Amino acid sequence: MTRLAGIPWSDAAAAVGGGEWWALLPIGSTEAHGPHLPLSSDVVIAEAMADGAAARLAAAGRRALVLPPLAYGVTECAHDFFGTLSITPATLTALIVDLARSLARHGCKRLALCNAHLEPDHRAALKSAAAAATAAGLPTLFPDIVRRANAARLGAEFQSGACHAGAYESSIVLAARPELVRDDLRVGLPENPISIGAALAAGKKTFKEAGGADAYFGAPAAASAMAGRELIAMLGAIVAEAMLVPT
Ligand SMILES: [Zn+2]
């Protein structure tokens with residue numbers, strides 16, 4: 001795969017070769033992820049998802065570039081924890097539509113939002129952004145991994161909704177950026193089986209209200225890099241399959 005941010009413009013131009021090309025935008029957040037994962041966890045996961053998708057698209061004969069990631073999202077639920085930063089839905093949507101217009105000027109024909117931050121208001125903003133960017137001229141997809149058919153491919157913990165800095169996310173960060181994981185802490189953390197997804201749906205507003213006093217839900221100690229590699233491949237497949245559907 002080709003990450004746009006890591007190469008000179010001339011190499012990027014050569015990578016698309018003057019022909020049709022697609023873009024993958026990793027979208028994460030700067031958000032507390034337990035005592036063992038970095039604030040950048042969702043960015044790491046989103047980039048791994050986009051890299052995985054780019055590899056699959058290349059195998060299918062498509063030229064796709066991975067854009068520099070968005071490190072900020074609508075991140076209110078964890079705002080009680082220091083370092084967690086949030087932007088408004090309107091700002092997030094406007095930024096994506098602006099980027100889509102700029103990509104279209106360079107001949108990009110399709111954009112996918114590769115999102116790893118699962119807060120409902122954030123995902124709602126991305127859904128609006130995809131519609132607005134498409135209306136502005138660049139067909140834009142948001143393959144939401146929380147949707148039932150996608151979630152079913154990401155394991156029992158993910159499906160349970162107890163999946164913030166638990167086994168699912170810890171495994172992916174262990175696979176993609178192991179040097180960022182405090183593994184000595186991770187292995188000793190007790191499982192927190194509360195579903196953050198269900199708690200938010202029931203009206204809770206914050207991680208602390210929902211029962212995540214340590215900013216994690218799920219089972220961090222059950223994570224492994226091997227599981228993370230499988231999850232990254234699955235995330236890439238979800239995005240690539242959505243992009244390969246003819247519009
Ligand atoms: Zn996360």
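Biologist: How are the donor residues of the zinc ion spaced in sequence?
Modeller: Donors are N, O and S atoms within 2.8 Å of the metal (3.2 Å for Na, K and Ca), and water is not among the atoms, so sites may look incomplete. Here the spacing of the donor residues is H-x8-D-x126-E. This is a predicted model, in which local features need pLDDT of at least 70 and side-chain atom pairs count only at pLDDT 80 or more, while totals for chains, interfaces and linings use all residues. Residues are numbered from 1 along each chain as its sequence is written, and side-chain values use heavy atoms, with hydrogens and water left out.

Biologist: Which atoms coordinate the zinc ion, and at what distances?
Modeller: H33 donates NE2 and D42 donates OD, while E169 appears twice through OE, and the distances run from 1.9 to 2.6 Å.

Biologist: What is the geometry of the zinc site?
Modeller: Ideal angles are 109.5 degrees for four tetrahedral donors. Four donors count as tetrahedral if all angles lie between 85 and 135 degrees; four count as square planar and six as octahedral if opposite donors are over 155 degrees apart and all others between 65 and 115; anything else is irregular. The four donor atoms of this zinc ion make angles of 54 to 135°, and the site is irregular.

Biologist: Are H33 and D42 buried or exposed?
Modeller: Buried means under 20% relative accessible area, exposed over 50%, and partly exposed in between (1.4 Å probe, protein chains only). H33 has a relative accessible area of 1% and is buried. D42 is buried too, with a value of 1%.

Biologist: How many disulfides does a search of the whole structure find?
Modeller: A disulfide is a pair of cysteine sulfur atoms within 2.5 Å. The search finds zero. C77 is in no disulfide, and its nearest cysteine sulfur, in C163, lies 12 Å away. That distance is why the sulfur of C163 has no bond to C77: 12 Å is too far. C77 is buried at 6% relative accessible area, and C163 counts as buried at 8%.

Biologist: How do helix α3 and helix α4 pack?
Modeller: Two packed helices are described by the angle between their axes and the distance between the axes. Axes are lines fitted to C-alpha atoms, for helices over the stretch in contact, with angles from 0 to 180 degrees between N-to-C directions. Helices (H or I, at least four residues) are DSSP runs, numbered from the N terminus. Helix α3 (residues 89-105) and helix α4 (residues 120-135) pack at about 30°, with axes 9 Å apart. The crossing is right-handed, where the near helix is turned clockwise from the far one by less than a right angle.

Biologist: Which residues meet between α3 and α4?
Modeller: Contact means heavy atoms within 4.5 Å. On the α3 side are P89, L92, T93, I96, V97 and A100, and they meet H122, A125, L126, S128, A129, A132 and A133 of α4.

Biologist: Which residues does E47 touch?
Modeller: Leaving out residues up to four places away in sequence, E47 touches R3, P26 and P69. E47 lies in helix α2 and counts as buried at 16% relative accessibility. A55 lies in helix α2 (residues 41-59) as well, but A55 is partly exposed at 42%.

Biologist: What is the sign of phi in A165 and A215?
Modeller: Phi of A165 is positive, near 65°, in a residue other than glycine. A165 sits in the loop between α6 (156-160) and α7 (167-176) and is buried at 0%. A215 is not a glycine either, and its phi is positive at about 65°. The loop between α10 (207-210) and α11 (225-244) holds A215, which counts as buried at 3%.

How values were computed
Helix = DSSP H or I, 4+ residues; strand = E, 2+ residues; numbered from the N terminus.
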